[in-house]
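Please look over the sequence and the structure shown below before reading on. The paragraphs that follow begin with the chain as a whole and then turn to its sheets, a loop and a place on the surface.

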Amino acid sequence: MSLKVPKANNVELFKNGYKHLQGLEDAVLRNIQAISELSDLVRTSFGPNGRNKLIINHLGRLFVTSDAATIIREIEVIHPAAKLLVMASQAQESEMGDSTNMVIILAGELLKKSENLLVMGLHPSEVIKGYELACAKALAELESLSTSSLPSPFTRESLITALKPAIASKQYGYEDTLSSLVAEAALVVMPKNPKNFNVDNVRVVKIMGGSLSGSKVVQGMVFGREPEGIIKKISGAKVAVFTCALDVAQTETKGTVLLKSADEMLNFTRGEEQQLERIFKEIADSGIKVIIAGSSIGDLALHYLNRFNIAVLKVLSKFDLRRVARVVNATPLARVGAPTAEEAGYVDIFETTEIGGDRVTVLRQLASGEDGYQGHTEKTRTATIVLRGATANHLDDLERAIDDGVNVIKSLIKDPRLVPGAGATELELGKRVEAYGSGMRGLAQHAVKRYATALEVIPRTLAENALGGAEGNEVLSRLWAKHEQEGGEAWGVDIEAERDGTLLATDFKILDPLAAKQWAIKLATEAAVSVLSVDSIIMSKPAGGPKVPQQASNWDED
């Protein structure tokens with residue numbers, strides 16, 4: 001190690017209050033320690049037997065979840081190096097929607113393994129070089145491990161098989177029910193060209209009460225409120241969507257009116273009423289039977305809408321308003337008036353039904369084969385999964401599992417290849433990278449071998465979370481023995497330990513999307529390399545004054 005030269009005391013480089021940490025002990029090892037803590041935090045939540053975390057965020061909202069993306073989003077990480085890891089996991093979430101936990105665990109393990117090499121005197125650049133070579137080798141080998149791919153066109157059975165492992169890692173025990181709901185909803189909205197599949201078209205409505213078995217898929221949109229007027233059910237109706245308030249326009253300035261007689265008093269609001277009646281008569285004459293309002297609805301407007309037998313539904317979320325306009329094929333209008341033929345939409349069924357004591361409104365188009373289907377409306381572009389459950393927290397967690405399932409379908413459309421799950425792929429990659437490292441020359445080979453042992457963390461964590469630490473080590477030894485045999489690439493961890501804690505992942509249909517693993521390995525390595533390439537941390541003094549309240553990024557994602 002180089003000798004540390006003492007600094008001159010009178011040289012002031014930074015303002016008062018700055019923190020400057022540099023060197024191996026102060027910067028690199030401290031960063032590795034912070035990241036190890038973060039990865040250990042979410043590591044126990046990995047896999048089907050992962051434990052839940054109970055998180056209360058800065059707004060006092062309670063979360064009970066084992067979903068790494070939610071945990072990371074709701075805990076406010078302030079350590080600069082740990083933030084790099086959080087960004088990598090968020091990139092995985094936005095790109096694939098799944099395997100966020102794998103990114104954090106793998107990056108944390110890579111850094112833990114590198115710590116030993118750095119303390120022994122290896123330069124970070126050698127470790128970085130070794131990790132990059134190992135990552136390239138792992139990604140190349142991953143291509144050859146694909147055992148099957150999703151058949152095209154998609155069938156319900158093939159989608160359920162592909163979804164089960166992803167959903168089981170969040171909701172173990174409910175994977176059959178949830179994967180069948182997601183597959184059904186996805187096939188309802190699947191366009192002719194699957195590449196155009198939009199994740200946003202599968203909606204979730206949570207209704208308290210009952211149990212998960214009472215959940216169902218509705219073609220169309222479901223809103224958890226009743227229509228405003230007295231009309232509750234209409235079939236085959238024209239629809240207008242308004243983003244503005246349905247009410248008398250208010251003037252910007254205040255005026256004073258002097259009334260001199262009783263007649264003036266009686267006629268004071270008559271003009272206003274006639275104007276409003278004229279507008280709604282025009283709307284009714286154009287054939288509109290359903291109005292979707294994006295803002296408030298005045299009492300007088302509601303009176304005329306009821307008189308003209310027009311159903312009106314209030315949708316306050318602008319995102320939902322956009323979605324409902326897509327379902328009925330209408331153009332949202334910013335002024336109250338009769339829409340043109342192009343601006344008006346069409347809905348086959350607008351009805352209010354009761355689900356578990358809650359009144360909900362359903363807008364849907366009829367599918368071919370149903371009574372009353374005329375064939376002139378296009379296939380509904382939105383499906384809603386109506387979820388039933390006992391508590392709000394449980395429903396939120398089920399929704400997150402469904403969200404992951406839909407994202408898995410999206411990633412499988414991009415790349416339909418599947419690799420063995422249950423930790424089999426990672427262990428096989430570890431074995432092959434280890435062999436590659438043994439044949440290398442130079443100092444980078446140590447880092448390549450450490451990379452291989454770091455990949456072992458995935459099956460180890462699965463085994464430890466399911467069977468406990470001592471048994472986990474036994475299972476891992478058996479797995480290594482089976483992977484050494486000819487054709488043993490698909491042996492993974494049996495979390496139910498029905499035999500010796502190992503199983504053939506392909507026989508049990510435990511398959512993961514290849515693309516998700518590819519991205520996770522790439523992002524975890526990039527995050528680890530970014531942290532290793534840092535040699536000093538310079539933190540300025542936080543600015544004074546009141547703190548700006550941080551808004552959650554997803555505050556209006558209904």
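The secondary structure of the protein chain comes to 17 helices and 19 strands, and the model from which this is read is a predicted one. The chain has 558 residues, of which 49% count as buried. Among contacts between residues at least 6 apart in sequence, 75% join residues that are at least 24 apart. The accessible surface of the chain comes to about 27500 Å², and 51% of that surface belongs to carbon and sulfur atoms.

A first sheet to find is an open one of three strands, which follow the order β5-β14-β6 with mixed pairing. The strands β5 (202–208) and β6 (216–219) stand at the edges and have a single partner strand each, so one side of each is left without a neighbour in the sheet. From one strand to the next, the twist averages 25 degrees. Strand β14, which covers residues 383–389, runs parallel to β5 and is joined to it by seven bridges; at one point along this pair, R203 stands opposite T384 of β14. Helix α12 (residues 392–414) packs on this sheet, where it touches β5 and β14, and the direction of the helix makes about 165 degrees with that of β5.

Strands of a sheet pair through backbone hydrogen bonds, and the pairing may be either parallel or antiparallel. The antiparallel kind appears in another open sheet, whose three strands come in the order β4-β15-β18. Here the edge strands are β4 (148–149) and β18 (511–513), each of which pairs on one side only. Strand β15 (residues 417–420) pairs with β4 over two bridges in the antiparallel sense, and S148 stands opposite L418 in β15. Across β15 and β18 lies helix α17 (residues 514–532), which runs at about 65 degrees to β18.

Which residues of strand β10 lie on one side, and which on the other? In a regular strand the side chains alternate between the two faces of the sheet. In β10 (residues 311–314), A311 and L313 are on one side while V312 and K314 are on the other, and as all of these residues are buried, both faces of the strand are covered. Strand β9 (residues 288–293) runs parallel to β10 and is joined to it by four bridges, with V312 in β10 as the bridge partner of I291.

Leading into β10 is the loop that lies between α10 (299–307) and this strand, and N309 has its place there. Although N309 is not a glycine, its phi is positive, at about 55 degrees. With a relative accessible area of 43%, N309 counts as partly exposed, whereas V312 in β10 is buried.

The last stop is on the surface, where V257, L259, M265 and F268 form a nonpolar patch that has about 410 Å² of accessible area together. One of these residues, M265, has its place in helix α8, which covers residues 262–267. M265 counts as exposed because its relative accessible area is 57%, a value over the 50% that marks the exposed class.

Conventions. Residues are numbered from 1 along each chain as its sequence is written. This is a predicted model: local features need pLDDT of at least 70, side-chain atom pairs count only at pLDDT 80 or more; totals for chains, interfaces and linings use all residues. Side-chain values use heavy atoms; hydrogens and water are left out. Patches are made of residues with over 30% relative accessible area and no salt bridge: like charges are joined within 9 Å, nonpolar side chains (Val, Leu, Ile, Met, Phe, Trp, Tyr) within 5 Å. Accessible areas come from the Shrake-Rupley method with a 1.4 Å probe; for residues, only the protein chains shown count as cover. A salt bridge is a side-chain nitrogen of Lys or Arg within 4 Å of a carboxyl oxygen of Asp or Glu. Buried means under 20% relative accessible area, exposed over 50%, partly exposed in between (1.4 Å probe, protein chains only). Two strands pair if DSSP finds at least two bridges between them. Contact means heavy atoms within 4.5 Å. Axes are lines fitted to C-alpha atoms, for helices over the stretch in contact, and angles run from 0 to 180 degrees between N-to-C directions.
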